[in-house]
Each structure stands twice: as C-alpha cells, then as structure tokens.
Amino acid sequence: MTAADLPAAAPNRLRPRRSCLAVPGSNPRFLEKAQGLPADQVFLDLEDACAPLAKEGARHTVVKALNEGDWTGRTRVVRVNDWTTHWTYRDVITVVEGAGQNLDCIMLPKVQDDRQITALDLLLTQIEKTMGFEVGRIGIEAQIENARGLVNVDAIAAASPRLETIIFGPADFMASISMKSLVVGEQPPGYPADAYHYILMRILMAARAHGLQAIDGPYLQIRNTDGFRAVAGRAAALGFDGKWVLHPGQIDIANEVYSPSQEDYDHAELILDAYAYFTSEEGGKKGSAMLGDEMIDEASRKMALVVAGKGRAAGL
Ligand code: GLV
Ligand code: MG
C-alpha cells in the first residue's frame, strides 16, 4: 500500500510489518535472540506472555533491551497491559520515559472503545513533553480482541493520528465470543464456511477507511508450518499487511506470504509502465488500452501500485 493512495495516515506510519515477532519482555535470552531474526517488526511483550509476578521486572528488562540492543531495520514496539488492569499507566511511563527515543510504537491490547486510545494518546503526549521528545512521534497499534472492540472498531481507528495499525487478536477474540474451538485461527468444527471472514473484513475496512495497516494475530501451533501458511494466506488474500509470528520458523513464511510473488510484481510494474505510456502525449493520451488480453485503465493503475509498492518494499 503506498502512502499516496491512502486517505489519512502520515507516510512514516506505513512501515513494513509483514512479520511481527512477539517476544516475552521478561526473557532477556529471547530478547537477545530476536535481534538477529529477519522479522519486519519486533514487539516486546509486557502483557499475556509475561506472568503477573514478572510484569514489573519486565518493564526494566524491556527498557534495557531497547536501549542496548541492536534493532536496526526493525520496527520496535512494546505491548503494554490493557486499561482494565492496574499495570497500563506504569507500563507506558516506565517504558517511554526509559526508552522513548528507541521505540516506534506502543501496542494497546483488548481495545474496547475510542476513549482507551485517547487516554493512551494523552499519556504519551505528556511523557513526550516532559522528556523533551518530539511530540506525536510514538505511534499506537490497537488490538481488537473482543466483541466490544469489533463493534467499535470504526471509532477506534479514527481516535488518534498516532494510530498505525489495527490488529486482530484471534485467541482472546475466540474466547470473547465463545467460539467452539481451541485451535487459534483454525476454523471451528461444525461451521461450513469461513468463521473469520466477517471479523477480518470488519477490521480491514476500518483500517483502510482511516489509512491504517491491518495485521493478523498469532497462530499458536508453531510446529505446523503448513497451517501457518494457510491461515496467513487467508488474511493476506483479503489485503492484510502482515501477521504475528511466535517462532523463528514462521518468519520467512510470513515475509513471503505478505509480499507479492515475483510474477505479480513484474506484472504490476508492466501495468504501471504501460499506463504511463498510453496516457502520455506520445502514447495517444488514451484513458484505457489493452495490455496482452487485459484492458487496463486508471483503476488498474491503482491496483498495480499496491502490488508494486509492496514488492518494492520487499526488495523484489
Ligand atoms: C493475541 O493477543 C490474541 O489474543 O490472539
Ligand atoms: Mg490477546
């Protein structure tokens, strides 16, 4: 997705996020190892991957890892605890005061309404002002993980210029709606169609309407790479920008699935070249023309731009 074709988001908010690696914030060994892995984004988790008794210590482990680690080329995110807990404000203050210059976004889980985004935005602004940081630089990623969040997703997506992504959290979501399955992201037995279609589309529409990225959440069967590929492919086919990865073995697959194929990328560049030619003076100032068996016009150019943009970002 190119910045020019999106309605609202600032261009620097559209970062590569094909693979978003989850790393428990309480585990220094994993935090060290994550630095060598080819994920587009790394998020250091203070929420569900940290046991309650480890959460306070993890804040400091995360600050140290952000400040002292080598995260070059990766989007650096910290997931804080959600606003229904008592941990959120201190998570944000400790992490942003301690490592705000080495942090790109805060991820807020279990978002239920726009006020929760506003509250985080205000807190970030106060910390940035106090610390002398650039105000507004730190972005927000919002996880939709329950029915209330999905019902309010349009207002959530519109709640702050800091927002960069809307993320589907399938595990919590399945629990929240009492879906009859224990395998995260897989279809619940007994339902003959795609049980995730509505949820994914709802999130994607809200994200796109506000120029944000849409990210799919985790697939917990980490040894089942075929299953991961299939579930990642489902969201990618709809237009999602990336997916969480919980294990190094999922990273290359996500990077591949969320990049266009070489063939599609080459074709997209061809459409762009052809369009530039036939609309020009020299090419006859035409609004549409044939490229092989296909008629192409301005809408084809837009579709090609999306694929070409993703392909260029992937280095194709
Ligand atoms: C992620 O946080 C999930 O609940 O799936
Ligand atoms: Mg969750």
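This report walks through a predicted model of a protein chain with a bound ligand, moving from its domains to its barrel and then to single residues.

## Domains

The domain assignment divides the protein into domain 1, which covers residues 19-258, and domain 2, which covers residues 262-314. The C-alpha centres of domain 1 and domain 2 lie 34 Å apart. The UniProt record, in an unreviewed entry, places the annotation "domain: HpcH/HpaI aldolase/citrate lyase" on residues 18-248. Within this span, 42% is helix and 17% is strand, and its end C-alpha atoms lie 14 Å apart.

A pair of residues shows how far apart two positions in the model can lie: Asn67 and Gly287 are separated by 220 residues in sequence and by 53 Å in space, taken from C-alpha to C-alpha. Asn67 belongs to helix H2, which is made of residues 55-68.

## The barrel

In this model, 8 strands close into a barrel, following the order S1-S2-S3-S4-S5-S6-S7-S8, and the pairing is parallel. On average, neighbouring strands of this sheet are turned by 25 degrees against each other when direction is ignored. As background, the strands of a sheet pair through backbone hydrogen bonds, and this pairing may be either parallel or antiparallel.

Some of the neighbouring pairs can be followed bridge by bridge, as the table sets out.

| Strand pair | Bridges | Direction |
|---|---|---|
| S2 (residues 41-45) and S3 (residues 75-79) | 5 bridges | parallel |
| S5 and S6 | 5 bridges | parallel |
| S6 and S7 (residues 213-216) | 3 bridges | parallel |

Single residues make these pairings easier to find in the structure. Leu44 has Val78 as its bridge partner in S3, while Ala142 has Ile166 as its bridge partner in S6. Ile166 appears again on the next step around the barrel, where its bridge partner in S7 is Ala214. Strand S6, which consists of residues 163-168, is mostly covered, since 6 of its 6 residues are buried.

## The ligand and the annotated binding sites

Which residues surround ligand 1? The shell consists of Pro109, Gln143, Glu145, Gly169, Pro170, Ala171, Asp172, Gly217 and Pro218. Sorted by class, this shell holds 4 nonpolar, 3 polar and 2 charged residues. Helix H7, made of residues 170-177, contributes the largest share of the shell, namely 3 residues.

The UniProt record also marks positions with the feature "binding site", again in an unreviewed entry, and one such annotation covers Glu145 and Asp172. These residues span 28 residues in sequence, yet no two of their C-alpha atoms are more than 5.3 Å apart, so they gather at one spot. Both Glu145 and Asp172 are also among the residues around ligand 1.

The record further places the feature "binding site" (unreviewed entry) at Arg79 and Glu145. Although they are spread over 67 residues of sequence, these positions cluster in space, with a largest C-alpha distance of 13.8 Å.

Are Arg79 and Glu145 buried or exposed? Arg79 counts as buried because it has 26 C-beta neighbours inside 10 Å, and Glu145 is buried as well, with 24 other C-beta atoms within 10 Å. Their settings can be described in turn: Arg79 lies in strand S3, whereas Glu145 is found in the loop between strand S5 (139-144) and helix H5 (147-151).

## Exposed positions

Asn67, the helix H2 residue met earlier, counts as exposed because it has 12 C-beta neighbours inside 10 Å, and a residue is called exposed when 12 or fewer other C-beta atoms lie within that distance.

Two loop residues deserve a look for their backbone angles. Ser178 has a positive phi of about 60 degrees although it is not a glycine, and Ser178 lies in the loop between H7 and helix H8 (197-209). With 7 other C-beta atoms within 10 Å, Ser178 is exposed. Lys285 likewise has a positive phi, of about 50 degrees, although it is not a glycine. Lys285 is found in the loop between helix H11 (262-278) and strand S9 (289-291), and Lys285 is exposed, with 9 other C-beta atoms within 10 Å.

Conventions. Residues numbered from 1 in each chain as written. Chains lettered and ligands numbered in written order. Predicted model: local features only at pLDDT ≥ 70, side-chain atom pairs only at ≥ 80, totals over all residues. Domains from an automatic or database assignment. Near = placed C-beta within 6 Å. Helix = DSSP H or I, 4+ residues; strand = E, 2+ residues; numbered from the N terminus. Nonpolar A, V, L, I, M, F, W, Y, C, P; charged D, E, K, R; others polar. Pairing = 2+ DSSP bridges. Axes fitted to C-alpha atoms, helices over the stretch in contact; angles between N-to-C directions. UniProt positions renumbered as here; feature names shortened; annotations may be inferred. Buried ≥ 20, exposed ≤ 12 C-beta atoms within 10 Å, placed from the backbone.
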